[in-house]
Amino acid sequence: MDFDAVVLAGGASARFDGVDKALIQVDGVTLLDRVLTATTSARSTVVVGPERPVCRQVDWATEDPPSGGPVAGIAAGFGNGESPLVVVVSCDLPWLTEADVATLVANIDDHDGFGLRDSSGREQRLAAAYRRTALAAAIEAIGDPRNQSVRRLFAGLDLAWSDPTSAADDADTWTDLTPS
């Protein structure tokens with residue numbers, strides 16, 4: 001099934017001492033390019049955050065105002081594309097692959113969304129595929145998306161989850177950049 005991708009890359013990278021997390025390299029490839037490679041099958045891709053050099057053609061968007069958090073980023077990128085599914089991923093998923101993204105899309109079934117659980121079993125709402133109609137309704141229901149909780153945005157949706165996988169382990173600190 002066709003899908004569009006929204007890649008969130010606008011965070012402050014506070015736990016990386018102000019280093020732009022999207023441009024941190026793992027095995028010679030930036031975190032942003034790793035996620036863009038994983039989402040290469042998307043019909044359209046929008047990166048929400050400041051423009052940077054990337055490995056493939058993408059559209060760019062910025063939350064209004066900038067630094068409004070991930071829900072504001074999702075809202076800013078959501079209007080890009082028309083596919084029935086939207087894969088939402090943060091740029092800090094160094095172990096995400098194209099096969100993992102295909103798993104998201106293939107397993108949505110009759111649910112509003114299907115996401116990955118990280119290796120500890122935590123549900124990663126920013127590593128998931130959503131039905132466009134369900135995501136649109138959630139964004140509308142939340143109102144002003146600035147500084148809103150990701151959990152609150154998706155609270156009313158019927159979501160299913162994968163078994164735990166390192167593909168959903170996000171990189172919040174320097175030590176997270178070592179594969180488990």
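In the predicted model, strands β1 (residues 3-8) and β4 are joined in the parallel sense through four bridges. Within this pairing, Val 6 lies opposite Val 46 of β4. Strand β4 also runs parallel to strand β5 (residues 59-61), to which three bridges connect it. Here the bridge partner of Val 46 is Asp 59 in β5. Val 46 thus has a counterpart in β1 and another in β5.

The side chains of a regular strand alternate between the two faces of the sheet. In strand β4, which spans residues 45-48, both faces are covered. Thr 45 and Val 47 are buried on one side, and Val 46 and Val 48 are buried on the other.

These strands belong to a protein with five helices and nine strands. From the N terminus, the order of elements is β-β-β-α-β-β-α-β-α-β-β-α-α-β. Of the contacts with a separation of 6 or more, 70% involve residues 24 or more positions apart.

As to overall dimensions, the C-alpha atoms occupy a box of roughly 40 × 35 × 30 Å along the principal axes. The radius of gyration is 15 Å, which agrees with the value near 16 Å for a compact globule of 180 residues. Buried residues constitute 52% of the 180 residues.

The exposed surface of the protein amounts to about 8200 Å², of which carbon and sulfur atoms supply 48%. The protein carries 14 positive and 27 negative side chains, and the centres of these two sets are 3 Å apart.

Note on methods
Residues are numbered from 1 along each chain as its sequence is written. This is a predicted model: local features need pLDDT of at least 70, side-chain atom pairs count only at pLDDT 80 or more; totals for chains, interfaces and linings use all residues. Side-chain values use heavy atoms; hydrogens and water are left out. Buried means under 20% relative accessible area, exposed over 50%, partly exposed in between (1.4 Å probe, protein chains only). Helices (H or I, at least four residues) and strands (E, at least two) are DSSP runs, numbered from the N terminus. Two strands pair if DSSP finds at least two bridges between them. The radius of gyration is taken over C-alpha atoms; the globule rule is 2.2 Å times the number of residues to the power 0.38. Contact means heavy atoms within 4.5 Å. Accessible areas come from the Shrake-Rupley method with a 1.4 Å probe; for residues, only the protein chains shown count as cover. Lys and Arg count as positive and Asp and Glu as negative; His and the chain ends are not counted. The place of a charge is taken as NZ of Lys, CZ of Arg, CG of Asp or CD of Glu.
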